[in-house]
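User: Got a minute to go over this one with me? I'd like to talk through the pockets and one residue.

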Amino acid sequence: MASTVFSPFTLRGMTIKNRIVMSPMLMYRGQDDGMINDFIYAHYAARALGGAGMIGTEVIAIEPRGRISANDLGLWNDAQAEALKRLTGFVHSCDTRIFAQLAHAGRKSHITETAIAPSAIAYDNTLGTPRAATAEDIASIIANYRSAACRAVEAGFDAVELHAANGYLLHEFLAPVSNTRDDAYGGSLENRMRLPLEVVEAVRSVIPEDMPLFYRIVASDFGTNGVTPEEALTLAAELKARGVDLIDVQTGNILPGYEGPVYPGYQTPYATRIKAATGLPMGATGSIASIDLAEFILSSGQADLVMMGRALLRDPFWPIRAAREAGIDVEVPIPTYARATGPFERGF
Ligand SMILES: Cc1cc2nc3c(=O)[nH]c(=O)nc-3n(C[C@H](O)[C@H](O)[C@H](O)COP(=O)(O)O)c2cc1C
């Protein structure tokens with residue numbers, strides 16, 4: 001039987017050589033101007049050499065006040081986009097695809113002086129109380145998502161992902177615990193979904209027709225007055241109607257701590273539920289670190305891509321190694337790597 005993990009996958013005009021995607025992971029190793037540096041370049045280049053089908057960047061801030069830390073990448077100016085071309089070009093030379101994860105930290109920004117959120121409610125007692133966004137702030141956030149998406153296209157990314165989970169701004173708007181607004185952006189589910197959906201519409205309208213749009217959703221906040229599983233299903237249907245191509249599923253983190261169970265593949269059941277309800281392709285994330293589990297998730301149709309975080313932090317070459325161990329023949333990004341034979345063959 002052929003491996004599903006190592007089979008290609010197509011969305012709109014983009015084909016990924018295998019189903020292994022590096023899940024976005026912030027490294028806190030950038031710099032105050034939001035520009036890519038040597039560390040970040042080498043970090044992602046290593047995962048492309050290691051055989052991942054696609055790389056998700058860490059959060060890329062759409063505006064300076066949307067950064068989690070002063071070391072985040074940014075796409076709020078053209079110089080940042082220009083500098084990222086070196087990375088996208090190298091990743092493509094390894095036959096790997098790369099998406100830009102566009103993000104706004106909202107009340108979880110550690111740059112507390114400028115933090116804005118749906119309501120003036122602090123995340124915890126270490127981060128300050130954010131300022132409640134005005135109507136003008138909301139309009140500028142949407143405009144900045146749109147400009148950042150244009151720059152992601154310009155920089156050579158193959159897809160864009162909107163980060164709307166893990167307690168950051170778009171998640172905060174959706175969750176009643178962090179959104180107590182009484183205007184058109186708070187209250188009913190329709191109002192709480194308004195900003196995420198307006199951002200989706202703005203981004204979809206400026207990226208090319210053949211470029212996929214991913215959305216990192218929160219499927220449940222486990223009864224903390226956050227997002228319910230039913231609300232996530234309603235949102236997912238609205239995302240599909242607006243041209244989102246793949247949903248990447250997270251849970252929890254609207255409040256400090258994590259309420260849900262954690263085990264290998266722990267968020268996959270949520271992905272499967274949204275897939276069944278919407279028919280959309282899904283990314284499964286969460287403690288997926290073995291080829292057997294990845295193969296089971298994909299071959300049984302629970303999800304379409306495995307988004308692997310820490311396994312690819314531990315070992316950039318995880319995809320090539322997993323293929324070798326499973327006896328699956330894959331093309332390696334650098335042909336000379338194929339000469340890395342075993343001790344009973346002569347190396348030359
Ligand atoms: C060091 C680290 C940084 C992370 N940064 C981000 C991020 O920038 N954006 C995001 O959406 N998720 C982030 N995550 C969550 C991961 O993308 C992933 O969903 C999570 O680690 C679960 O997958 P895993 O069990 O395979 O690591 C981060 C996780 C880790 C461990």
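**His171 and the pockets**

Analyst: Let's start with His171. Not counting neighbours within four places in sequence, His171 contacts Ala164, Ala165, Asn166, Val218, Asp221, Val227, Gly252, Asn253 and Ile254. Keep in mind that this is a predicted model.

User: Which helix is His171 found in?

Analyst: Helix H4, which covers residues 169-174.

User: And is His171 buried or exposed?

Analyst: Buried. Its relative accessibility is 0%, and buried means under 20%.

User: OK, pockets. What volume does the largest pocket have?

Analyst: About 700 Å³.

User: How many residues line the largest pocket, and which lie nearest its centre?

Analyst: The lining has 31 residues. Nearest the centre are Pro24, Met25, Asn166, Arg216 and Gln250. Asn166 is also one of the contacts of His171.

User: Which element gives the most to that lining?

Analyst: Helix H9, with three residues. H9 spans 310-314. Strands E4 (54-61) and E13 (305-308) each supply at least two.

User: How does the lining of the largest pocket split by class?

Analyst: There are 14 nonpolar, 12 polar and five charged residues.

User: Next one down. What volume does the second largest pocket have?

Analyst: About 220 Å³. It is lined by 13 residues, and Lys17, Asp95, Val330, Glu331 and Val332 are the closest to its centre.

User: What classes do the residues lining the second largest pocket fall into?

Analyst: Seven are nonpolar, three polar and three charged.

How values were computed:
Residues are numbered from 1 along each chain as its sequence is written. This is a predicted model: local features need pLDDT of at least 70, side-chain atom pairs count only at pLDDT 80 or more; totals for chains, interfaces and linings use all residues. Side-chain values use heavy atoms; hydrogens and water are left out. On a 1 Å grid over the protein atoms alone, a cavity is a set of points where a 1.4 Å probe fits but cannot get out, and a pocket is an open set with protein on both sides within 12 Å along at least five of seven lines; lining residues have an atom within 4 Å of a point. Grid points are joined across faces, edges and corners, and a volume is the space filled by probe spheres set on the points. Helices (H or I, at least four residues) and strands (E, at least two) are DSSP runs, numbered from the N terminus. Ala, Val, Leu, Ile, Met, Phe, Trp, Tyr, Cys and Pro count as nonpolar, Asp, Glu, Lys and Arg as charged, and the others, Gly among them, as polar. Buried means under 20% relative accessible area, exposed over 50%, partly exposed in between (1.4 Å probe, protein chains only). Contact means heavy atoms within 4.5 Å.
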